[in-house]
Amino acid sequence: MTTIRVTVDGSTYEDEVEPRMLLVHYLREQLGKVGTVIGCDTSNCGACTVHVDGRSVKSCNMLAVQADGHEVTTIEGLATDGQLHPMQTAFHENHALQCGYCTPGMIMQACDVLRENPNPTEEQIRVGLEGNLCRCTGYQNIVKAVQQAAGALAGQQGGEQA
Amino acid sequence: MIPAAFDYVAPTSVADALAALAEHGDDAKVLAGGQSLIPILRMRLNTPETVVDLGRIEELRGIREDGDAIVIGAMTPYADVLGSDLVREHLGLLYKAVAEVADPQIRRRGTIGGALVHADPAGDVGAPALALGAEFVITGQGGERTVPAEEFFRDLFETAVEDGELLTAVRFPRHTGWGSHYEKFVRVAHQWSIVAVAAAVRVEGGTIAEARVGLTNMGATPLRAKAVEEALVGKELTEDAVAEACAAAAEGTRPPTDLNGDSDYRRHLATVLTRRAVLAAAGG
Ligand SMILES: Cc1cc2nc3c(=O)[nH]c(=O)nc-3n(C[C@H](O)[C@H](O)[C@H](O)COP(=O)(O)OP(=O)(O)OC[C@H]3O[C@@H](n4cnc5c(N)ncnc54)[C@H](O)[C@@H]3O)c2cc1C
Ligand code: FES
Ligand code: FES
(Lines give C-alpha, C1' and ligand atoms only; values in the text may rest on other atoms or scores of the structure.)
(Ligands and ions follow the chains in the order given, each with its own letter.)
Protein backbone atom coordinates (compact mmCIF):
# COMPACT_ATOMS: atom_id res chain seq x y z
CA MET A 1 0.00 0.00 0.00
CA THR A 2 1.08 3.54 -0.74
CA THR A 3 -0.21 6.70 0.91
CA ILE A 4 -1.47 9.38 -1.41
CA ARG A 5 -2.75 12.89 -0.82
CA VAL A 6 -5.04 14.15 -3.53
CA THR A 7 -7.38 17.08 -3.82
CA VAL A 8 -10.57 16.03 -5.56
CA ASP A 9 -13.30 18.54 -6.38
CA GLY A 10 -11.93 20.91 -3.77
CA SER A 11 -11.56 18.47 -0.84
CA THR A 12 -8.25 16.95 0.15
CA TYR A 13 -8.08 13.23 0.83
CA GLU A 14 -5.31 11.14 2.33
CA ASP A 15 -5.67 7.47 1.51
CA GLU A 16 -3.84 4.18 1.44
CA VAL A 17 -4.10 2.66 -2.01
CA GLU A 18 -2.67 -0.33 -3.82
CA PRO A 19 -0.22 0.96 -6.46
CA ARG A 20 -2.13 -0.93 -9.15
CA MET A 21 -5.35 0.95 -8.46
CA LEU A 22 -6.46 3.03 -11.45
CA LEU A 23 -7.39 6.64 -10.78
CA VAL A 24 -10.91 6.01 -12.06
CA HIS A 25 -11.39 3.19 -9.55
CA TYR A 26 -10.06 5.36 -6.75
CA LEU A 27 -12.55 8.10 -7.66
CA ARG A 28 -15.51 5.78 -7.99
CA GLU A 29 -14.91 3.10 -5.42
CA GLN A 30 -12.90 4.78 -2.70
CA LEU A 31 -14.36 8.31 -2.90
CA GLY A 32 -17.79 7.40 -4.24
CA LYS A 33 -17.49 9.87 -7.10
CA VAL A 34 -19.47 7.71 -9.49
CA GLY A 35 -20.17 10.61 -11.85
CA THR A 36 -16.99 9.59 -13.66
CA VAL A 37 -17.72 6.42 -15.61
CA ILE A 38 -15.81 3.65 -17.38
CA GLY A 39 -16.85 2.97 -20.96
CA CYS A 40 -14.09 0.78 -22.36
CA ASP A 41 -11.08 -1.37 -21.64
CA THR A 42 -8.76 0.22 -24.16
CA SER A 43 -8.54 3.92 -23.18
CA ASN A 44 -10.34 4.84 -26.38
CA CYS A 45 -13.75 6.12 -25.32
CA GLY A 46 -12.98 9.10 -23.08
CA ALA A 47 -15.97 8.52 -20.76
CA CYS A 48 -13.58 8.56 -17.79
CA THR A 49 -12.07 11.99 -18.63
CA VAL A 50 -11.25 14.17 -15.59
CA HIS A 51 -8.98 17.16 -15.11
CA VAL A 52 -5.64 16.74 -13.36
CA ASP A 53 -4.16 20.12 -12.45
CA GLY A 54 -6.72 21.68 -14.75
CA ARG A 55 -6.03 19.64 -17.91
CA SER A 56 -7.96 16.64 -19.16
CA VAL A 57 -6.68 13.08 -18.91
CA LYS A 58 -8.26 9.64 -19.15
CA SER A 59 -8.57 8.45 -15.56
CA CYS A 60 -8.66 4.79 -16.65
CA ASN A 61 -5.14 5.24 -17.99
CA MET A 62 -3.55 6.71 -14.90
CA LEU A 63 -2.71 5.12 -11.56
CA ALA A 64 -4.08 6.66 -8.39
CA VAL A 65 -0.50 6.85 -7.07
CA GLN A 66 0.40 9.09 -10.03
CA ALA A 67 -2.18 11.59 -8.80
CA ASP A 68 -0.40 11.93 -5.44
CA GLY A 69 0.08 15.62 -4.71
CA HIS A 70 -2.13 16.72 -7.58
CA GLU A 71 -5.53 18.28 -7.97
CA VAL A 72 -8.33 16.37 -9.67
CA THR A 73 -11.64 17.78 -10.89
CA THR A 74 -14.44 15.41 -11.87
CA ILE A 75 -17.81 16.13 -13.43
CA GLU A 76 -19.12 16.29 -9.86
CA GLY A 77 -16.93 19.26 -9.09
CA LEU A 78 -17.89 21.40 -12.07
CA ALA A 79 -21.01 23.07 -10.70
CA THR A 80 -20.46 25.85 -8.18
CA ASP A 81 -22.92 26.80 -5.43
CA GLY A 82 -25.62 24.66 -6.97
CA GLN A 83 -25.24 26.47 -10.31
CA LEU A 84 -24.52 24.29 -13.30
CA HIS A 85 -21.35 25.13 -15.20
CA PRO A 86 -22.17 26.86 -18.54
CA MET A 87 -21.01 23.72 -20.37
CA GLN A 88 -23.48 21.59 -18.40
CA THR A 89 -26.27 24.07 -19.13
CA ALA A 90 -25.36 24.08 -22.81
CA PHE A 91 -25.47 20.27 -23.02
CA HIS A 92 -28.85 20.31 -21.29
CA GLU A 93 -30.34 23.01 -23.50
CA ASN A 94 -29.00 21.64 -26.79
CA HIS A 95 -30.07 18.04 -26.23
CA ALA A 96 -26.43 17.06 -26.46
CA LEU A 97 -27.04 13.67 -24.88
CA GLN A 98 -29.32 10.70 -25.21
CA CYS A 99 -28.27 7.81 -22.96
CA GLY A 100 -25.86 10.16 -21.19
CA TYR A 101 -23.07 7.66 -20.72
CA CYS A 102 -20.45 9.61 -22.63
CA THR A 103 -21.58 12.92 -21.13
CA PRO A 104 -19.37 13.27 -18.03
CA GLY A 105 -16.24 12.73 -20.09
CA MET A 106 -17.54 14.73 -23.02
CA ILE A 107 -18.25 17.75 -20.81
CA MET A 108 -14.86 17.58 -19.09
CA GLN A 109 -13.08 17.38 -22.44
CA ALA A 110 -15.25 20.14 -23.92
CA CYS A 111 -14.19 22.41 -21.03
CA ASP A 112 -10.58 21.56 -21.82
CA VAL A 113 -11.10 22.41 -25.50
CA LEU A 114 -12.35 25.87 -24.53
CA ARG A 115 -9.56 26.36 -22.08
CA GLU A 116 -7.07 25.75 -24.86
CA ASN A 117 -8.99 27.91 -27.32
CA PRO A 118 -11.94 29.98 -26.05
CA ASN A 119 -13.24 30.61 -29.55
CA PRO A 120 -12.83 27.39 -31.56
CA THR A 121 -14.19 26.69 -35.03
CA GLU A 122 -16.54 23.76 -35.52
CA GLU A 123 -13.63 21.77 -36.94
CA GLN A 124 -11.46 22.56 -33.92
CA ILE A 125 -14.24 21.40 -31.58
CA ARG A 126 -14.56 18.12 -33.45
CA VAL A 127 -10.81 17.53 -33.40
CA GLY A 128 -10.66 18.48 -29.72
CA LEU A 129 -13.29 15.85 -28.90
CA GLU A 130 -11.51 13.20 -30.98
CA GLY A 131 -10.80 11.02 -27.96
CA ASN A 132 -14.41 10.96 -26.75
CA LEU A 133 -16.86 8.56 -28.35
CA CYS A 134 -20.62 8.99 -28.35
CA ARG A 135 -22.67 6.12 -29.69
CA CYS A 136 -26.02 7.94 -29.53
CA THR A 137 -26.10 11.53 -30.67
CA GLY A 138 -24.11 11.68 -33.89
CA TYR A 139 -22.15 14.54 -32.27
CA GLN A 140 -24.12 17.36 -33.98
CA ASN A 141 -25.75 18.64 -30.81
CA ILE A 142 -22.60 18.13 -28.79
CA VAL A 143 -20.77 20.48 -31.14
CA LYS A 144 -23.66 22.96 -30.89
CA ALA A 145 -23.53 22.82 -27.10
CA VAL A 146 -19.81 23.55 -27.07
CA GLN A 147 -20.40 26.51 -29.37
CA GLN A 148 -23.12 27.85 -27.07
CA ALA A 149 -20.92 27.38 -24.00
CA ALA A 150 -18.06 29.20 -25.74
CA GLY A 151 -20.39 32.14 -26.29
CA ALA A 152 -21.70 32.03 -22.72
CA LEU A 153 -18.20 31.88 -21.25
CA ALA A 154 -17.01 34.73 -23.47
CA GLY A 155 -20.04 36.69 -22.27
CA GLN A 156 -18.90 36.22 -18.69
CA GLN A 157 -16.01 38.49 -19.64
CA GLY A 158 -12.86 36.70 -18.69
CA GLY A 159 -14.90 34.34 -16.54
CA GLU A 160 -13.07 31.15 -15.58
CA GLN A 161 -13.41 28.16 -17.84
CA ALA A 162 -13.16 25.32 -15.36
CA MET B 1 -9.44 -4.64 -16.17
CA ILE B 2 -7.06 -4.30 -13.28
CA PRO B 3 -3.29 -4.83 -13.38
CA ALA B 4 -1.66 -7.57 -11.32
CA ALA B 5 -0.24 -6.29 -8.03
CA PHE B 6 3.18 -4.62 -8.10
CA ASP B 7 5.41 -2.58 -5.83
CA TYR B 8 5.79 1.06 -6.72
CA VAL B 9 8.72 3.41 -6.42
CA ALA B 10 8.77 7.04 -7.52
CA PRO B 11 12.37 8.28 -7.42
CA THR B 12 13.07 12.00 -7.78
CA SER B 13 16.43 11.75 -9.57
CA VAL B 14 17.90 9.79 -12.48
CA ALA B 15 20.51 8.34 -10.13
CA ASP B 16 17.84 6.98 -7.78
CA ALA B 17 15.84 5.59 -10.70
CA LEU B 18 18.92 3.76 -12.02
CA ALA B 19 19.60 2.39 -8.54
CA ALA B 20 16.03 1.12 -8.30
CA LEU B 21 16.35 -0.56 -11.70
CA ALA B 22 19.64 -2.16 -10.67
CA GLU B 23 18.13 -3.43 -7.44
CA HIS B 24 15.06 -5.01 -9.05
CA GLY B 25 16.65 -6.18 -12.30
CA ASP B 26 14.37 -8.08 -14.68
CA ASP B 27 11.40 -7.74 -12.37
CA ALA B 28 11.26 -3.97 -12.75
CA LYS B 29 9.47 -1.91 -15.39
CA VAL B 30 9.87 1.79 -16.07
CA LEU B 31 6.68 3.88 -16.11
CA ALA B 32 6.70 7.14 -18.08
CA GLY B 33 3.32 8.59 -19.15
CA GLY B 34 1.74 5.16 -18.89
CA GLN B 35 -0.29 5.60 -22.07
CA SER B 36 1.12 2.38 -23.51
CA LEU B 37 2.27 0.66 -20.33
CA ILE B 38 -0.91 0.98 -18.27
CA PRO B 39 -3.06 -0.69 -20.97
CA ILE B 40 -0.40 -3.43 -21.14
CA LEU B 41 -0.52 -3.90 -17.36
CA ARG B 42 -4.31 -3.88 -17.38
CA MET B 43 -4.40 -6.63 -19.99
CA ARG B 44 -1.69 -8.40 -17.95
CA LEU B 45 0.51 -8.74 -21.01
CA ASN B 46 3.26 -7.75 -18.61
CA THR B 47 3.32 -8.35 -14.87
CA PRO B 48 6.36 -6.59 -13.36
CA GLU B 49 7.06 -6.96 -9.65
CA THR B 50 8.17 -3.36 -9.34
CA VAL B 51 7.15 -0.31 -11.30
CA VAL B 52 9.65 2.56 -11.33
CA ASP B 53 7.74 5.76 -12.05
CA LEU B 54 9.82 8.51 -13.70
CA GLY B 55 7.02 11.03 -13.25
CA ARG B 56 8.62 12.80 -10.29
CA ILE B 57 12.03 13.37 -11.89
CA GLU B 58 12.11 17.05 -12.83
CA GLU B 59 15.48 16.82 -14.61
CA LEU B 60 13.93 14.58 -17.29
CA ARG B 61 11.37 17.15 -18.33
CA GLY B 62 11.68 20.21 -20.53
CA ILE B 63 12.85 21.58 -23.86
CA ARG B 64 16.04 23.63 -24.24
CA GLU B 65 18.46 24.94 -26.82
CA ASP B 66 21.96 23.53 -26.94
CA GLY B 67 24.05 24.91 -29.79
CA ASP B 68 22.78 23.50 -33.07
CA ALA B 69 20.32 21.22 -31.31
CA ILE B 70 17.03 21.37 -29.49
CA VAL B 71 17.14 18.95 -26.56
CA ILE B 72 13.90 17.41 -25.32
CA GLY B 73 13.85 15.60 -21.96
CA ALA B 74 12.50 12.06 -22.18
CA MET B 75 9.65 12.79 -19.76
CA THR B 76 8.38 15.80 -21.68
CA PRO B 77 4.73 15.19 -22.48
CA TYR B 78 3.50 15.50 -26.07
CA ALA B 79 1.36 18.47 -24.99
CA ASP B 80 4.47 20.40 -23.92
CA VAL B 81 6.15 19.63 -27.24
CA LEU B 82 3.13 21.10 -29.01
CA GLY B 83 3.20 24.15 -26.75
CA SER B 84 6.90 24.87 -27.39
CA ASP B 85 7.90 27.80 -29.59
CA LEU B 86 11.35 26.24 -30.02
CA VAL B 87 9.83 23.09 -31.47
CA ARG B 88 7.50 25.01 -33.77
CA GLU B 89 10.28 27.17 -35.09
CA HIS B 90 13.11 24.68 -35.45
CA LEU B 91 11.44 21.25 -35.56
CA GLY B 92 8.29 21.77 -37.58
CA LEU B 93 8.19 18.13 -38.63
CA LEU B 94 8.18 16.88 -35.03
CA TYR B 95 5.46 19.36 -34.16
CA LYS B 96 3.25 18.18 -37.01
CA ALA B 97 3.72 14.49 -36.22
CA VAL B 98 3.07 14.89 -32.50
CA ALA B 99 -0.13 16.79 -33.28
CA GLU B 100 -1.36 13.60 -34.99
CA VAL B 101 -0.72 11.28 -32.02
CA ALA B 102 -3.84 9.80 -30.39
CA ASP B 103 -6.09 12.43 -28.77
CA PRO B 104 -5.65 15.47 -26.48
CA GLN B 105 -6.03 13.50 -23.24
CA ILE B 106 -3.41 10.94 -24.21
CA ARG B 107 -1.09 13.68 -25.46
CA ARG B 108 -1.25 15.25 -22.04
CA ARG B 109 0.24 12.21 -20.27
CA GLY B 110 2.15 10.39 -23.00
CA THR B 111 5.81 11.39 -23.25
CA ILE B 112 8.21 11.74 -26.13
CA GLY B 113 10.68 9.36 -24.46
CA GLY B 114 8.04 6.77 -23.63
CA ALA B 115 6.86 6.75 -27.22
CA LEU B 116 10.38 6.31 -28.60
CA VAL B 117 11.40 3.53 -26.18
CA HIS B 118 8.08 1.76 -26.67
CA ALA B 119 8.93 1.75 -30.41
CA ASP B 120 5.59 0.67 -31.75
CA PRO B 121 6.14 0.50 -35.54
CA ALA B 122 2.81 2.36 -36.00
CA GLY B 123 3.83 5.07 -33.53
CA ASP B 124 4.06 8.56 -34.96
CA VAL B 125 7.25 9.90 -33.34
CA GLY B 126 9.83 7.43 -34.64
CA ALA B 127 9.73 8.43 -38.33
CA PRO B 128 10.21 12.17 -37.71
CA ALA B 129 12.98 11.47 -35.18
CA LEU B 130 14.74 9.33 -37.77
CA ALA B 131 14.17 11.81 -40.60
CA LEU B 132 15.49 14.70 -38.52
CA GLY B 133 18.60 12.74 -37.52
CA ALA B 134 17.87 12.78 -33.79
CA GLU B 135 20.42 11.53 -31.26
CA PHE B 136 19.35 9.55 -28.23
CA VAL B 137 20.95 10.12 -24.85
CA ILE B 138 20.89 6.86 -22.87
CA THR B 139 22.03 6.67 -19.27
CA GLY B 140 22.96 3.62 -17.26
CA GLN B 141 24.91 2.91 -14.11
CA GLY B 142 28.07 3.00 -16.21
CA GLY B 143 27.36 6.53 -17.45
CA GLU B 144 25.90 8.17 -20.48
CA ARG B 145 26.11 7.33 -24.19
CA THR B 146 24.62 8.89 -27.28
CA VAL B 147 23.15 6.76 -30.02
CA PRO B 148 22.25 8.02 -33.52
CA ALA B 149 18.71 7.42 -34.75
CA GLU B 150 19.88 4.80 -37.29
CA GLU B 151 21.10 2.62 -34.42
CA PHE B 152 18.33 3.35 -31.93
CA PHE B 153 15.44 1.41 -33.47
CA ARG B 154 16.41 -2.27 -33.56
CA ASP B 155 13.25 -4.28 -34.11
CA LEU B 156 9.57 -4.46 -33.20
CA PHE B 157 9.27 -2.79 -29.78
CA GLU B 158 13.05 -3.02 -29.39
CA THR B 159 15.54 -0.17 -29.12
CA ALA B 160 19.13 0.45 -28.06
CA VAL B 161 17.92 1.08 -24.49
CA GLU B 162 19.03 -1.99 -22.54
CA ASP B 163 17.58 -3.35 -19.29
CA GLY B 164 18.67 -1.17 -16.43
CA GLU B 165 19.11 1.88 -18.68
CA LEU B 166 17.01 4.97 -19.23
CA LEU B 167 16.48 7.18 -22.21
CA THR B 168 17.07 10.58 -20.67
CA ALA B 169 16.87 13.02 -23.59
CA VAL B 170 16.63 13.30 -27.34
CA ARG B 171 18.74 15.84 -29.29
CA PHE B 172 17.20 17.09 -32.50
CA PRO B 173 19.37 19.07 -34.94
CA ARG B 174 17.59 22.33 -35.78
CA HIS B 175 15.83 22.39 -39.11
CA THR B 176 15.06 26.08 -39.10
CA GLY B 177 13.42 27.29 -42.29
CA TRP B 178 12.65 23.81 -43.60
CA GLY B 179 9.14 23.04 -44.83
CA SER B 180 7.59 19.97 -43.27
CA HIS B 181 4.55 17.77 -43.30
CA TYR B 182 3.35 14.58 -41.61
CA GLU B 183 0.89 12.70 -43.78
CA LYS B 184 -0.95 10.13 -41.64
CA PHE B 185 -3.33 7.69 -43.27
CA VAL B 186 -6.14 6.32 -41.09
CA ARG B 187 -9.71 5.24 -41.78
CA VAL B 188 -11.32 6.68 -38.66
CA ALA B 189 -10.38 9.47 -36.28
CA HIS B 190 -7.98 8.74 -33.41
CA GLN B 191 -6.41 5.65 -34.91
CA TRP B 192 -2.87 4.37 -35.22
CA SER B 193 -1.25 5.01 -38.58
CA ILE B 194 -1.94 2.43 -41.26
CA VAL B 195 0.99 4.13 -43.01
CA ALA B 196 2.34 7.63 -42.44
CA VAL B 197 5.09 9.69 -44.02
CA ALA B 198 7.22 12.37 -42.36
CA ALA B 199 8.79 14.77 -44.85
CA ALA B 200 11.02 17.81 -44.40
CA VAL B 201 12.47 19.74 -47.31
CA ARG B 202 14.63 22.80 -47.78
CA VAL B 203 13.71 24.67 -50.92
CA GLU B 204 16.01 27.18 -52.62
CA GLY B 205 14.66 29.21 -55.52
CA GLY B 206 12.03 26.70 -56.57
CA THR B 207 14.42 23.74 -56.35
CA ILE B 208 14.69 21.13 -53.59
CA ALA B 209 18.09 21.60 -51.95
CA GLU B 210 17.74 18.98 -49.19
CA ALA B 211 15.10 16.42 -48.25
CA ARG B 212 14.42 14.03 -45.36
CA VAL B 213 11.74 11.37 -45.51
CA GLY B 214 10.74 8.95 -42.75
CA LEU B 215 8.16 6.16 -43.00
CA THR B 216 5.81 4.96 -40.25
CA ASN B 217 4.53 1.36 -40.19
CA MET B 218 6.40 0.20 -43.28
CA GLY B 219 8.46 -2.37 -41.39
CA ALA B 220 9.41 -3.49 -37.90
CA THR B 221 11.01 -0.10 -37.20
CA PRO B 222 10.58 3.40 -38.57
CA LEU B 223 12.45 3.66 -41.88
CA ARG B 224 14.17 6.38 -43.79
CA ALA B 225 13.40 6.60 -47.52
CA LYS B 226 16.98 7.37 -48.56
CA ALA B 227 16.36 6.66 -52.26
CA VAL B 228 13.59 9.25 -52.31
CA GLU B 229 15.71 11.77 -50.42
CA GLU B 230 18.50 11.45 -52.96
CA ALA B 231 16.15 11.56 -55.93
CA LEU B 232 14.52 14.73 -54.65
CA VAL B 233 17.70 16.76 -54.37
CA GLY B 234 18.05 19.20 -57.26
CA LYS B 235 14.50 18.53 -58.50
CA GLU B 236 12.37 21.44 -59.51
CA LEU B 237 9.32 21.81 -57.38
CA THR B 238 6.73 20.50 -59.82
CA GLU B 239 4.18 17.82 -59.15
CA ASP B 240 5.57 15.54 -61.86
CA ALA B 241 9.17 15.82 -60.73
CA VAL B 242 8.25 15.13 -57.10
CA ALA B 243 5.99 12.21 -58.05
CA GLU B 244 8.80 10.65 -60.04
CA ALA B 245 11.23 10.95 -57.15
CA CYS B 246 8.70 9.53 -54.70
CA ALA B 247 8.00 6.43 -56.79
CA ALA B 248 10.84 4.68 -54.94
CA ALA B 249 9.31 5.28 -51.49
CA ALA B 250 8.59 1.62 -50.77
CA GLU B 251 12.05 0.41 -51.85
CA GLY B 252 13.64 -1.76 -49.18
CA THR B 253 10.58 -1.72 -46.90
CA ARG B 254 8.86 -4.74 -45.38
CA PRO B 255 5.39 -3.52 -44.47
CA PRO B 256 3.06 -5.71 -42.42
CA THR B 257 -0.17 -7.31 -43.58
CA ASP B 258 -3.11 -6.90 -41.21
CA LEU B 259 -6.84 -6.15 -41.22
CA ASN B 260 -6.18 -2.61 -42.42
CA GLY B 261 -4.43 -3.74 -45.57
CA ASP B 262 -1.86 -6.10 -47.00
CA SER B 263 1.74 -5.26 -47.60
CA ASP B 264 1.28 -4.48 -51.32
CA TYR B 265 -1.43 -2.02 -50.45
CA ARG B 266 0.89 -0.38 -47.93
CA ARG B 267 3.67 -0.16 -50.53
CA HIS B 268 1.31 1.62 -52.87
CA LEU B 269 0.14 3.90 -50.06
CA ALA B 270 3.72 4.79 -49.19
CA THR B 271 4.41 6.17 -52.67
CA VAL B 272 1.18 8.17 -52.77
CA LEU B 273 1.58 9.53 -49.23
CA THR B 274 5.25 10.39 -49.79
CA ARG B 275 4.36 12.46 -52.83
CA ARG B 276 1.62 14.24 -50.88
CA ALA B 277 3.87 14.78 -47.87
CA VAL B 278 6.76 16.21 -49.91
CA LEU B 279 4.52 18.54 -51.89
CA ALA B 280 2.78 19.74 -48.73
CA ALA B 281 6.14 20.19 -46.98
CA ALA B 282 7.50 22.23 -49.88
CA GLY B 283 4.39 24.37 -49.84
CA GLY B 284 4.84 25.31 -46.21
C1 LIG C 1 -6.15 5.00 -27.16
C2 LIG C 1 -4.71 5.23 -27.51
C3 LIG C 1 -4.38 5.70 -28.78
C4 LIG C 1 -3.07 5.93 -29.14
N5 LIG C 1 -2.81 6.39 -30.40
C6 LIG C 1 -1.53 6.64 -30.77
C7 LIG C 1 -1.22 7.16 -32.07
O8 LIG C 1 -2.11 7.43 -32.88
N9 LIG C 1 0.08 7.37 -32.38
C10 LIG C 1 1.09 7.12 -31.49
O11 LIG C 1 2.25 7.35 -31.82
N12 LIG C 1 0.83 6.65 -30.26
C13 LIG C 1 -0.45 6.41 -29.87
N14 LIG C 1 -0.70 5.93 -28.60
C15 LIG C 1 0.45 5.62 -27.69
C16 LIG C 1 0.94 6.83 -26.95
O17 LIG C 1 1.61 7.65 -27.87
C18 LIG C 1 1.87 6.49 -25.77
O19 LIG C 1 1.86 7.61 -24.93
C20 LIG C 1 3.31 6.21 -26.08
O21 LIG C 1 3.40 5.15 -27.00
C22 LIG C 1 4.08 5.80 -24.83
O23 LIG C 1 4.49 6.90 -24.10
P24 LIG C 1 4.34 6.94 -22.51
O25 LIG C 1 5.09 8.11 -22.02
O26 LIG C 1 2.90 6.90 -22.19
O27 LIG C 1 5.13 5.65 -22.06
P28 LIG C 1 4.77 4.41 -21.11
O29 LIG C 1 3.50 3.81 -21.56
O30 LIG C 1 4.85 4.81 -19.70
O31 LIG C 1 5.99 3.47 -21.44
C32 LIG C 1 6.14 2.80 -22.67
C33 LIG C 1 7.32 1.84 -22.63
O34 LIG C 1 8.55 2.54 -22.66
C35 LIG C 1 9.34 2.29 -21.49
N36 LIG C 1 9.91 3.60 -21.14
C37 LIG C 1 9.22 4.77 -21.09
N38 LIG C 1 10.04 5.81 -20.86
C39 LIG C 1 11.29 5.30 -20.73
C40 LIG C 1 12.58 5.89 -20.50
N41 LIG C 1 12.73 7.21 -20.37
N42 LIG C 1 13.65 5.08 -20.43
C43 LIG C 1 13.51 3.74 -20.59
N44 LIG C 1 12.31 3.12 -20.82
C45 LIG C 1 11.22 3.89 -20.90
C46 LIG C 1 8.38 1.71 -20.49
O47 LIG C 1 9.04 0.83 -19.61
C48 LIG C 1 7.39 0.99 -21.38
O49 LIG C 1 7.89 -0.25 -21.75
C50 LIG C 1 -2.02 5.70 -28.21
C51 LIG C 1 -2.32 5.24 -26.92
C52 LIG C 1 -3.66 5.00 -26.58
C53 LIG C 1 -3.97 4.51 -25.20
S1 FES D 1 -12.94 4.26 -19.83
FE2 FES D 1 -11.25 5.55 -20.02
S3 FES D 1 -11.14 5.84 -22.12
FE4 FES D 1 -12.77 4.44 -21.98
S1 FES E 1 -25.30 10.03 -25.24
FE2 FES E 1 -25.20 7.89 -25.31
S3 FES E 1 -23.07 7.59 -25.69
FE4 FES E 1 -23.27 9.70 -25.89
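# Exercises on a predicted two-chain model

H190(B) has a relative accessibility of 15% and therefore counts as buried. The model is a predicted one. The exercises below start from this residue.

## Exercise 1: a buried histidine

Find where H190(B) sits in chain B, and name the residue whose side chain joins the side chain of H190(B) in a polar contact.

*Solution.*
Step 1. Locate the residue: H190(B) is in the loop that runs between strand 11 and strand 12 (195–204) of chain B.
Step 2. Apply the cut-off: buried means under 20% relative accessible area, and H190(B), at 15%, is therefore buried.
Step 3. Look for the partner: the side chain of D103(B) makes a polar contact of 2.8 Å with the side chain of H190(B).

## Exercise 2: a serine in a strand

Decide whether S180(B) is buried or exposed, and state what its side chain reaches.

*Solution.*
Step 1. S180(B) belongs to strand 11 of chain B.
Step 2. The relative accessibility of S180(B) is 4%, so the residue counts as buried.
Step 3. From S180(B), the side chain reaches the backbone nitrogen of L93(B), at 3.2 Å.

## Exercise 3: the surroundings of ligand 1

Describe where ligand 1 lies, which residues are closest to ligand 1, and how much of its area the protein buries.

*Solution.*
Step 1. Place the ligand: ligand 1 is found between chains A and B.
Step 2. List the neighbours: ligand 1 is surrounded by 34 residues, and the closest are V30(B), Q35(B), L37(B), Y78(B) and T111(B).
Step 3. Sort the shell by class: 15 residues are nonpolar, 15 are polar and four are charged.
Step 4. Check the distances to oxygen atoms of ligand 1. A polar side-chain atom of T111(B) is 2.6 Å from one. For A102(B), a polar backbone atom is 3.2 Å from an oxygen atom of the ligand. For Q191(B), a backbone N or O atom is 3.4 Å from an oxygen atom of the ligand.
Step 5. Read off the area: ligand 1 taken alone exposes 970 Å², of which the protein buries 95%.
Step 6. Assign the shell to elements: strand 2 (28–31), helix 7 (112–118) and strand 10 (166–173) of chain B each give two or more residues. Helix 7 of chain B supplies the largest share, four residues.

## Exercise 4: salt bridges

Three salt bridges of chain B are to be compared: R174(B) with E65(B), D124(B) with K184(B), and D264(B) with R267(B). For each, give the N to O distance, the places of the two residues and their exposure.

*Solution.*
Step 1. Recall the principle: side chains of opposite charge can pair when their charged atoms come close. Over all chains, the structure holds 24 salt bridges.
Step 2. In the pair R174(B) and E65(B), the closest N and O atoms are 3.0 Å apart. This pair links distant parts of the chain, 109 residues apart: R174(B) is in the loop between strand 10 and strand 11 (179–185), and E65(B) is in strand 4 (residues 63–66) of chain B. R174(B) is partly exposed, at 25%, and E65(B) is also partly exposed, at 47%.
Step 3. D124(B) and K184(B) meet at 2.8 Å, N to O. They too link distant parts of the chain, 60 residues apart, with D124(B) in the loop between helix 7 and helix 8 (126–131) and K184(B) in strand 11 of chain B. Both D124(B) and K184(B) are buried.
Step 4. The closest N and O atoms of D264(B) and R267(B) are 2.9 Å apart. The two residues are three residues apart in helix 12 (residues 263–282) of chain B, so about one helical turn separates them. D264(B) is exposed, at 54%, whereas R267(B) is partly exposed, at 30%.

Now name the residues that R108(B) is linked with in a network of salt bridges.

*Solution.*
R108(B) is linked in this network with R55(A), D112(A) and E116(A).

## Exercise 5: a nonpolar surface patch

State which residues make the nonpolar surface patch of about 320 Å², and where L45(B) is placed.

*Solution.*
Step 1. The patch is made by M1(B), M43(B) and L45(B).
Step 2. L45(B) is in the loop between helix 2 (37–42) and strand 3 (50–53) of chain B.
Step 3. The cut-off for exposed is over 50%; L45(B) has 64% relative accessibility and so counts as exposed.

Methods:
Residues numbered from 1 in each chain as written. Chains lettered and ligands numbered in written order. Predicted model: local features only at pLDDT ≥ 70, side-chain atom pairs only at ≥ 80, totals over all residues. Heavy atoms only, no water. Patch = residues over 30% accessible without salt bridge, like charges linked within 9 Å, V, L, I, M, F, W, Y side chains within 5 Å. Areas by Shrake-Rupley, 256 points an atom, 1.4 Å probe, with all protein chains shown as cover. Salt bridge = Lys/Arg side-chain N within 4 Å of Asp/Glu carboxyl O. Buried < 20%, exposed > 50% of the residue type's maximum accessible area, 1.4 Å probe, protein only. Near = heavy atom within 4 Å. Polar contact = N/O pair within 3.5 Å; in protein donor to acceptor, adjacent residues only side chain to side chain. Nonpolar A, V, L, I, M, F, W, Y, C, P; charged D, E, K, R; others polar.
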